[in-house]
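Hi,

Here is the structure I said I would pass on. Have a look at it below, and then read on for what turned up.

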Amino acid sequence: MFAWYRDTDKPQKRAFWAAFGGWTLEAADAQMFGLVLPTLLATWHLSTGAAGTLASVTLIFTAFGGWLAGWASDRFGRVRVLQWTIIVYSTATVLIGFTTDYSQLMVLRSIQGFGFGGEWAAGAVLVSEYMGTRNRGRALGTVQSGWALGWGLALATYTVLFSLIPEEWAWRSMFWLGALPAALVLVIRRKVTDPPLYQQRAAKAENRVSLLRIFKPDLLRVTLLGALLGLGSHGGYYALTTFLPTYLRTTHGLSVLKTSGYLAVFIAAAFFGYLASGTLADRIGRRRNIMFFAVMCLISVVTYLFLPISDTQMFFLGIPLGFFSAGIPAGLGSLFAELYPTAIRGTGQGFCYNFGRIVAAAFPALVGFLSDRLGMGVSIGLFAGSAYGIAVLAVALLPETSHKELDTPALPADETPAPPVASAR
């Protein structure tokens with residue numbers, strides 16, 4: 001599973017670790033909100049609808065951050081934008097620990113989301129262009145597995161802090177630890193350079209393309225279907241994971257310690273799901289891989305949330321749920337990277353992965369509002385199941401990109417339309 005790493009040279013390894021580190025620490029910062037949510041609901045007397053709105057607004061800014069940072073990475077360089085985005089989200093995370101009311105939290109969560117979206121866009125395109133087609137899926141799947149490690153790091157911190165100090169200080173302390181990602185910027189600044197493929201285009205000034213270039217007729221179809229796939233992936237994942245800690249604590253009455261145990265199983269399974277998806281993407285193709293995981297997600301969500309199962313059965317069913325829910329996002333990076341030429345790869349990859357979050361942003365809010373009428377489990381299941389159905393439909397209509405080298409001619413500076421990437425396969 002990790003044999004591909006031995007075939008990489010030093011610049012490739014540095015790019016991989018920069019993206020992996022940024023993604024892991026971003027995940028830790030991002031998952032703090034879901035973990036401290038029960039405390040905020042009680043301390044600030046928030047409704048679940050207000051909490052869902054916070055999550056949704058963050059996702060909207062994540063979407064715009066991903067699109068703009070993807071474009072900026074085409075214009076100003078992959079590495080430079082990766083550093084900017086890490087500074088943005090880590091600064092906002094620390095400041096959240098000082099907030100005293102809902103409006104302050106809303107503003108800082110929005111800025112935090114902007115940095116989150118941008119970090120993935122810049123990091124994924126950096127790794128995509130350094131890796132050959134033979135190992136691109138594995139490398140990006142492994143980068144994506146950093147999300148599970150980051151979530152596990154946040155969960156371990158949550159368990160320790162909430163067990164040792166009062167909750168009103170524990171949740172603030174978690175966000176103050178969000179300063180750690182900023183240290184990664186110093187390493188990136190000294191060790192990582194832009195991929196040769198990008199440097200060649202930049203030297204010829206072929207990186208000055210419009211933010212809207214991905215909507216020209218030759219790329220419009222893959223852009224819309226890619227965004228739809230991103231919507232299905234993110235909609236399902238966020239509907240499921242935003243309220244999962246709250247669902248376990250309020251609906252099933254689990255303690256903090258037991259909730260952490262159930263989530264630990266889910267997260268560990270997700271880690272292996274990311275790795276398996278990356279390997280399958282290189283072996284059976286990008287589309288088949290995502291299709292497989294999307295269908296299995298549907299089955300897992302229905303079983304976990306709709307069938308009458310005991311707490312013990314729910315504990316073990318967290319394994320397939322975590323494993324399959326991780327497989328779709330792990331397969332998106334390699335597919336999106338191969339849909340676009342180098343001059344606009346960051347823009348297209350950032351838009352497709354993140355823009356679906358604008359629609360998906362409504363899912364946590366709707367789950368929060370509907371949970372009072374339908375129950376939290378049913379609400380989560382309805383929205384997560386619908387989202388995974390959308391993912392199945394979108395990936396069925398996208399072209400297969402396996403075994404494609406990233407050698408598509410760059411767009412000229414005057415934006416003359418390039419040959420359709422999809423039809424060239």
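Let's start with one residue: is Ala50 buried or exposed? Before the answer, please keep in mind that this is a predicted model. You will find Ala50 in helix α3. Its relative accessible area is 19%, so Ala50 counts as buried, the limit being under 20%. Ala50 also has a partner from far along the chain: Ala365 is 315 residues away in sequence, yet the two C-alpha atoms are 7.7 Å apart in space.

**The cavities**

How many cavities of 30 Å³ or more does the structure hold? There are three. The largest has about 240 Å³ of space in it. Its lining is made of 16 residues, and those closest to the centre are Ala30, Leu59, Arg109, Tyr238 and Thr242. If you want to see which parts of the fold surround the largest cavity, colour α2 (10–43), α3 (48–76), α5 (102–130) and α10 (217–241), since these are the elements that give two or more residues to its lining. The top contributor is α2, with five residues. As for the character of that lining, it splits into seven nonpolar, six polar and three charged residues.

The second largest cavity holds about 100 Å³ of space. The residues that line this one are Trp23, Gln144, Trp147, Ser233, His234, Tyr237, Tyr238, Tyr274, Pro329, Tyr353 and Arg357. You may recognise Tyr238 in that list, as it is also among the residues closest to the centre of the largest cavity. Which element gives the most to the lining of the second largest cavity? That is α10, with four residues. Helices α6 (136–164) and α15 (345–360), like α10, each supply at least two. By class, the lining of the second largest cavity has seven nonpolar residues, three polar and one charged.

**Where α2 meets α11**

Back to α2, which has a helix partner worth a look. Its axis and that of helix α11 (residues 244–251) come within 7 Å of each other, crossing at roughly 50°. That angle is why α2 counts as oblique to α11. On the α2 side, the contact is made by Gly34, Leu37, Pro38 and Leu41, and on the α11 side by Pro245, Thr246 and Arg249. Sorted by class, the contact has four nonpolar residues, two polar and one charged.

Follow the chain on from α2 and you come to His45, in the loop between α2 and α3. What is the phi of His45? It is near 55°, a positive value in a residue other than glycine. His45 has a relative accessibility of 70%, so it counts as exposed, for which the limit is over 50%.

**Two buried glycines**

Gly327 sits in helix α14 (residues 311–337). With a relative accessibility of 0%, this glycine counts as buried. Which residues is Gly327 in contact with, once neighbours within four places in sequence are left aside? They are Gly273, Ser277, Asn289 and Phe293. Another pair to click on is Gly327 and Ser145: the two are 182 residues apart in sequence, and their C-alpha atoms are 9.7 Å apart in space.

The other glycine is Gly236, in helix α10. Gly236 is buried too, with a relative accessible area of 0%. Apart from neighbours within four places in sequence, Gly236 is in contact with Leu231, Ala384, Ala387 and Tyr388. For Gly236 and Thr100, the C-alpha atoms are separated by 31 Å, with the two positions 136 residues apart along the chain.

**One more loop residue**

Finally, try Thr133, which lies in the loop between α5 and α6. Is Thr133 buried or exposed? At 11% relative accessibility, Thr133 counts as buried. How far apart are the C-alpha atoms of Thr133 and Ser379? They are separated by 40 Å, and these two residues are 246 apart along the chain.

That covers what I found, so over to you.

Best wishes

Note on methods. Residues are numbered from 1 along each chain as its sequence is written. This is a predicted model: local features need pLDDT of at least 70, side-chain atom pairs count only at pLDDT 80 or more; totals for chains, interfaces and linings use all residues. Side-chain values use heavy atoms; hydrogens and water are left out. On a 1 Å grid over the protein atoms alone, a cavity is a set of points where a 1.4 Å probe fits but cannot get out, and a pocket is an open set with protein on both sides within 12 Å along at least five of seven lines; lining residues have an atom within 4 Å of a point. Grid points are joined across faces, edges and corners, and a volume is the space filled by probe spheres set on the points. Ala, Val, Leu, Ile, Met, Phe, Trp, Tyr, Cys and Pro count as nonpolar, Asp, Glu, Lys and Arg as charged, and the others, Gly among them, as polar. Buried means under 20% relative accessible area, exposed over 50%, partly exposed in between (1.4 Å probe, protein chains only). Axes are lines fitted to C-alpha atoms, for helices over the stretch in contact, and angles run from 0 to 180 degrees between N-to-C directions. Angles under 35 degrees count as roughly parallel, over 145 as roughly antiparallel, 65 to 115 as roughly perpendicular and the rest as oblique. Contact means heavy atoms within 4.5 Å.
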